[in-house]
Amino acid sequence: MSAPHVPVKRADFDQVMVPNYAPAAFIPVRGEGSRVWDQSCRELIDFSGGIAVNVLGHCHPRLVEALTEQAGQLWHVSNVFTNEPALRLAQKLVNATFAERVFFCNSGAEANEAAFKLARRVAHDRFGPEKHEIISALNSFHGRTFFTVSVAGQPKYSDGFGPKPQGITHVPFNDLAALEATISDKTCAVVLEPIQGESGIRPAEQAYLEGVRKLCDKHNALLIFDEVQTGVGRTGDLFAYMHHHVVPDILSSAKSLGGGFPIASILTTQELAGYFSVGVHGTTYGGNPLGCAVGGAVLDIVNTPEVLNGVKARHEIFKTRLQQIGAQYGLFDEIRGRGLLIGAQLTEGWLGKAGQVLAAAEKEALMVLQAGPDVVRFAPSLVIDEADIDEGLNRFERAVARLVNQG
Ligand SMILES: *Cc1c(COP(=O)(O)O)cnc(C)c1O
């Protein structure tokens, strides 16, 4: 028997945790589907999905089953050995995508770190050390390791930590001419989010992605899609690249892949994978049996027409109602995104106030997200009940009405 739990409260956070987060005033203790309960048994509706992670809601029975079954079998063996759940998940990913090879790790940042290192290594070995430049989009987000914050074009995340990794250039997103002017034979990779997530749910244009693919081919540069946020059903396709029919050379996936259990991967071709030969890269937990068992169950459920079409149908419900709320109260206007990755752009008078919208929603027992200071973001479970969507949007409307009435 384990010892009884010591009671804890939100105020303890400030006493024992590094202050790099400012969590909400309540502590969630239990979740089921798209409902969450806090310490005082208050029930909230969850449109935040653990920041686009809980792709099947909380405690989905089949994920609980996959996790607990594996928990009684084998937790960890390291990469000195392979394991069955990892091989099964890799097979599923290879069967479902352009990929021929998979590398597992534990977070989005780690997946991008691996993607960037692979691109650099490929260029180094094929063309020599001169070809090492990485081009990324301004306002992109690729994680919080030093390489990934340096590649993403956001000084607020990358400044103040001393000298940065070199050979990185930033261009405006959706601006093909800018990329054309910047890309050269020294470019080893171009990295893009098919929908920029953290900086405001900004989709890449079809012609842009097609043009980027052509420029990469022309300059022997690899195209990396960071699908950490858009991948595994979030946009209504298994991966966003499938919607665009623009195939990357390397794709990073995390967030939804584990449905709440930390696991990430990069997908690539057999040829490129060969440059990560034995010992070139690694991580202790990558391909951990627990994470891979859960990831396998996630993929089995998400990669079905019912779920993916359901995501598109739910998008329409959100969009219609959000447009109506926006028009009625004037708080936001444009509704962006695809599938269940949706952003509501605040109007001029409300710019910078997404945090206030989140706080107002929380008072109505609704969890939503922001994507930067000017956009309210919705990233609920892909299988959220229509009744929960309706009730959540009722709560959201009450929060918006209250904010607007307060002025
Ligand atoms: C969340 C995110 C990351 C970072 O993932 P972590 O698991 O937090 O390291 C990277 N890229 C994109 C597009 C993301 O949305």
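**Exercise 1. The annotated lysine**

Find the residue that UniProt lists for "modified residue: N6-(pyridoxal phosphate)lysine" (unreviewed entry), and describe its surroundings.

*Solution.* Step one: the residue in the UniProt record is Lys255; such positions are given in the numbering used here, feature names are shortened, and annotations may be inferred rather than shown by experiment. A word on the ground rules: this is a predicted model, where local features need pLDDT of at least 70, side-chain atom pairs count only at pLDDT 80 or more, and totals for chains, interfaces and linings use all residues. Residues are numbered from 1 along each chain as its sequence is written, and side-chain values use heavy atoms, with hydrogens and water left out.

Step two: look at the chain around Lys255, and you will see a loop between β11 (250–253) and β12 (264–268). Helices (H or I, at least four residues) and strands (E, at least two) are DSSP runs, numbered from the N terminus.

Step three: set aside neighbours within four places in sequence, and Lys255 is in contact with Ile51, Ala52, Val53, Glu198, Val228 and Gln229. Contact here means heavy atoms within 4.5 Å.

**Exercise 2. The second largest pocket**

Work out what lines the second largest pocket, and which residues are closest to its centre.

*Solution.* Begin with the volume: the second largest pocket holds about 490 Å³ of space. Its lining has 18 residues, and those closest to the centre are Asn79, Thr82, Val102, Phe104 and Gly286. Two elements, α4 (84–96) and β4 (101–105), give two or more residues each to this lining.

The terms need a short note. On a 1 Å grid over the protein atoms alone, a pocket is an open set of points where a 1.4 Å probe fits, with protein on both sides within 12 Å along at least five of seven lines; lining residues have an atom within 4 Å of a point. Grid points are joined across faces, edges and corners, and the volume is the space filled by probe spheres set on the points.

Next, sort the lining by class: eight residues are nonpolar, ten are polar and none is charged. Ala, Val, Leu, Ile, Met, Phe, Trp, Tyr, Cys and Pro count as nonpolar, Asp, Glu, Lys and Arg as charged, and the others, Gly among them, as polar.

Now zoom in on Gly286, in the loop between α11 (270–273) and α12 (289–302). Gly286 counts as buried because its relative accessibility is 5%; buried means under 20% relative accessible area, exposed over 50%, and partly exposed in between (1.4 Å probe, protein chains only). Beyond four places in sequence, Gly286 is in contact with Asn79, Phe104, Cys105 and Asn106.

**Exercise 3. Two binding-site residues**

Compare the settings of Arg144 and Thr283, both covered by the UniProt annotation "binding site" (unreviewed entry).

*Solution.* Of these residues, the lining of the second largest pocket includes Thr283. Thr283 is in the loop between α11 and α12. Not counting neighbours within four places in sequence, Thr283 is in contact with Asn79, Phe103, Phe104, Cys105, Asn106 and Glu110.

Arg144 is in the loop between β5 and α6 (146–151). At 57% relative accessibility, Arg144 counts as exposed. Residues up to four places away aside, Arg144 touches Ala109, Val149 and Tyr157.

**Exercise 4. Reading the strands**

Which strands does β7 join by bridges, and is β7 buried or exposed?

*Solution.* First, the partners: four bridges join β7 to strand β5 (residues 133–137), in parallel, and four bridges join β7 to strand β10 (residues 222–226), also in parallel. Two strands pair if DSSP finds at least two bridges between them. Useful residues to click on are Ile134, whose bridge partner in β7 is Ala189, and Val191, whose partner in β10 is Ile224.

Then the burial: six of the six residues of β7 (residues 187–192) are buried, so this strand is largely enclosed by the rest of the structure.

For contrast, trace the open sheet of four strands in the order β13-β14-β17-β16, with antiparallel pairing. Its edges are β13 (332–338) and β16 (369–370); each has a single partner strand, so one side of each is left without a neighbour in the sheet. Two bridges join β16 to β17 (residues 375–378), and Leu369 stands opposite Arg377 in β17.
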